[in-house]
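Work through the following exercises with the sequence and the model side by side. Each task is followed by a solution that goes step by step.

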Amino acid sequence: MSKIAPSIAAIRLDAAAGTDLHPGPSLATPRLAPAASVASGDNDRIPRIFLGAADLVVLAFAFLAANALAPAVQRSFFPGGLLYGMLPAIFPVPPAPTPEFPPLSEVVWLFLATAPATLVVTELVGGYERLLGRPALRLVTDVMLSQTIAVSFGALIGFALRLSSSSRVVIFTYGMLSASGLIAHRVAVWHYQKRRLARGVYAKNVLLIGQPRGVEWMIKHFRQHVSDSEFRLTGWLSVHGERTHAPERRRDDALRDIPIERLGPVEDLGELLIHRPVHEVIAIQSSVVGRDWLRLVMEHCDYFRIRLRIVPEALLVGNLSDLRFSFRADPLRLPEIVLTPPLLDVDALFAKRFIDMVVSATLLVLLAPLFLLIAAAIKITTPHLPVFYAWHVIGFSGRPFTGYKFTTMVADADEQKRHLLDRNEMQGPVFKIKDDPRITPLGRFLRTFSLNELPQLWSVLKGDMSLVGPRPAGPHELVRYELWHKRKLCVKPGVTCLWQVSGRNRITSFDDWVRLDLEYIDRWSLWLDMRILARTVWAVVSGSGS
């Protein structure tokens, strides 16, 4: 078992029992990866329901535009027009322009018939699968196929109903506009995701664990077969072999030059999963070492919800002449056993991020006058203080970021804190006292109604935070966290959470605070987020803030 902390099972039992657990200082020194080199590990899959909804919006706009533009399009097919002679034979040109076109209500059947057909055909051809996995040409051909079938279906209905030639012009115009709109929409999203892929937004940091020979093979495999824009090796942890191993093997391992950073022994995994953003772990199991270390790795990855891939070293370094590995959909192309955390509903997570963006952007616009009023009040009452306080914290998977709050404390608040530590009312690494003398008079008012938190909406819009989630950790706090505390960093931090609406002024134990965060993680759903947001609004209005 790890020397860093007690077993994960003991931590879980302790958290459930509500007792304190103090294993002492960590043996590993926290190391924060530079922000510029961090792979974000975001999910590039857009749920079907959102792609389908976007398609319906495009089709609706195309239908309205077709109905409005049909007279101009019809005139362009007559002699002297821009499209003269280009109309297919299935759409015969009338002898003279139609003086009147049917009203929208008489052709709405076209949208009602073609929209479901478009969604069905697009689903059948795989158009709602992962966009980045398809070339741009395939996206275009999928749209053309779906629209050809859908509009042809609409045209057949028109012929069966013996509709006028003017309605046929609407059908033709709608087909052109809908195909163009869907192609533009798909290609725009595809290009946007391609740019994010190139910037490493979707890349996942991978940690290797094993002996030098297996790690060296894995590094070569990544360089030859794995794109750096999808997976990045962040370092490796060593596994010590038994002293009874052959001297040649030990000497061979010692001479290997591993071109990525060695981050310590496998016993440091628990601390590393917090202080470095790690999205996946690859454990290379060797037949010449024991298996206790693998059990430790599995427990840590299970507790922190990290995907674990276990690869037998014998399959990597063996010499095969005819047999080849057979892969299906594994992007890493490895002979592996994959242990993955419970997959949260991708559609729900996408909806959570969509809600974060819409609500934060809307509030930032609507509350702009309030922002200006608070900024002016801060400058009038305390002209020597900045309007915003830069909040350097640790977020999801140990990723550092800078958030902002309205300034509510005096300039030398950090220096005064050292003299106030004996008055701390919180048990644990967090500092909090009821009548904090460092808070300015205006700051006390802002904190009462949580108005000092409003600038965090910018962090929500950027994606560093969510509206609902555990409180971010300060670097000075994180070094004092116990191992079970750090599980709260396995989700994106938020502006509010259960601790915010469960009487935060009455919570005096940091352990109780963290237990509420872990309860949120284990119970998470969109409905829970909505309930917390509703209770937060009441807490703000009633003035029960800090």
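A residue counts as buried under 20% relative accessible area, as exposed over 50%, and as partly exposed in between. The model is a predicted one, and the exercises apply these classes to it.

**Exercise 1. Describe the chain as a whole.**

Solution. Begin with the secondary structure, which comprises 19 helices and 10 strands. Turn next to burial: of the 546 residues of the chain, 48% count as buried. The surface that the chain exposes comes to about 27700 Å², and carbon and sulfur atoms supply 62% of it. Finally, consider the contacts with a separation of 6 or more, of which 78% are accounted for by residues 24 or more positions apart.

**Exercise 2. Classify the ring pair of F50 and F354, and place both residues in the chain.**

Solution. A pair of aromatic rings is described by the distance of the centres and the angle of the planes. The chain has 9 aromatic pairs by the rule used here. For F50 and F354 the ring centres are 6.0 Å apart and the planes stand at 55°, so the pair is tilted, given that edge-to-face requires an angle over 60 degrees and stacked one under 30. The pair links distant parts of the chain, since F50 belongs to helix α2 (residues 48–76) and F354 to helix α11 (residues 346–366), 304 residues apart. For accessibility, apply the opening classes: F50 has a relative accessible area of 25% and is therefore partly exposed, and F354, at 45%, is partly exposed as well. As a last step, extend the pair to a group, because F50, F350 and F354 form one aromatic cluster.

**Exercise 3. Determine the geometry of Y303 and F304, and state which charged end sits over the ring of Y303.**

Solution. The ring centres of Y303 and F304 are 5.3 Å apart and their planes meet at 80°, so this pair is edge-to-face. Both residues are buried. The charged end over the ring of Y303 is that of R487, at 5.3 Å from the ring centre.

**Exercise 4. Identify the nonpolar surface patch that includes F354, and examine L363 within it.**

Solution. The patch consists of F354, V358, V359 and L363, which together have about 290 Å² of accessible area. L363 lies in helix α11, the helix that also holds F354. With a relative accessibility of 31%, L363 counts as partly exposed, and this value satisfies the requirement of over 30% for patch members.

**Exercise 5. Is N452 buried or exposed, and which residues does N452 touch?**

Solution. Locate N452 first, in the loop between α14 (441–448) and α15 (456–462). Its relative accessible area is 3%, so N452 is buried. Leaving aside residues up to four places away in sequence, N452 touches K405, F406, T408, L446 and R447. One of these partners, K405, also lies over the face of W391, at 4.0 Å from the ring centre.

**Exercise 6. Describe the surroundings of L145.**

Solution. L145 is part of helix α4 (residues 136–160), and with a relative accessible area of 39% it is partly exposed. Not counting residues up to four places away in sequence, L145 touches V121 and V125. For the pair of L145 and V121, the separation is 24 residues in sequence, and the C-alpha to C-alpha distance is 8.0 Å.

Notes:
Residues are numbered from 1 along each chain as its sequence is written. This is a predicted model: local features need pLDDT of at least 70, side-chain atom pairs count only at pLDDT 80 or more; totals for chains, interfaces and linings use all residues. Side-chain values use heavy atoms; hydrogens and water are left out. Helices (H or I, at least four residues) and strands (E, at least two) are DSSP runs, numbered from the N terminus. Buried means under 20% relative accessible area, exposed over 50%, partly exposed in between (1.4 Å probe, protein chains only). Contact means heavy atoms within 4.5 Å. Accessible areas come from the Shrake-Rupley method with a 1.4 Å probe; for residues, only the protein chains shown count as cover. Rings of Phe, Tyr and Trp (its six-membered ring) pair if their centres lie within 6.5 Å; planes under 30 degrees apart count as stacked, over 60 as edge-to-face and the rest as tilted. A charge sits over a ring if NZ of Lys or CZ of Arg is within 6 Å of the ring centre and within 35 degrees of the ring normal. Patches are made of residues with over 30% relative accessible area and no salt bridge: like charges are joined within 9 Å, nonpolar side chains (Val, Leu, Ile, Met, Phe, Trp, Tyr) within 5 Å. A salt bridge is a side-chain nitrogen of Lys or Arg within 4 Å of a carboxyl oxygen of Asp or Glu.
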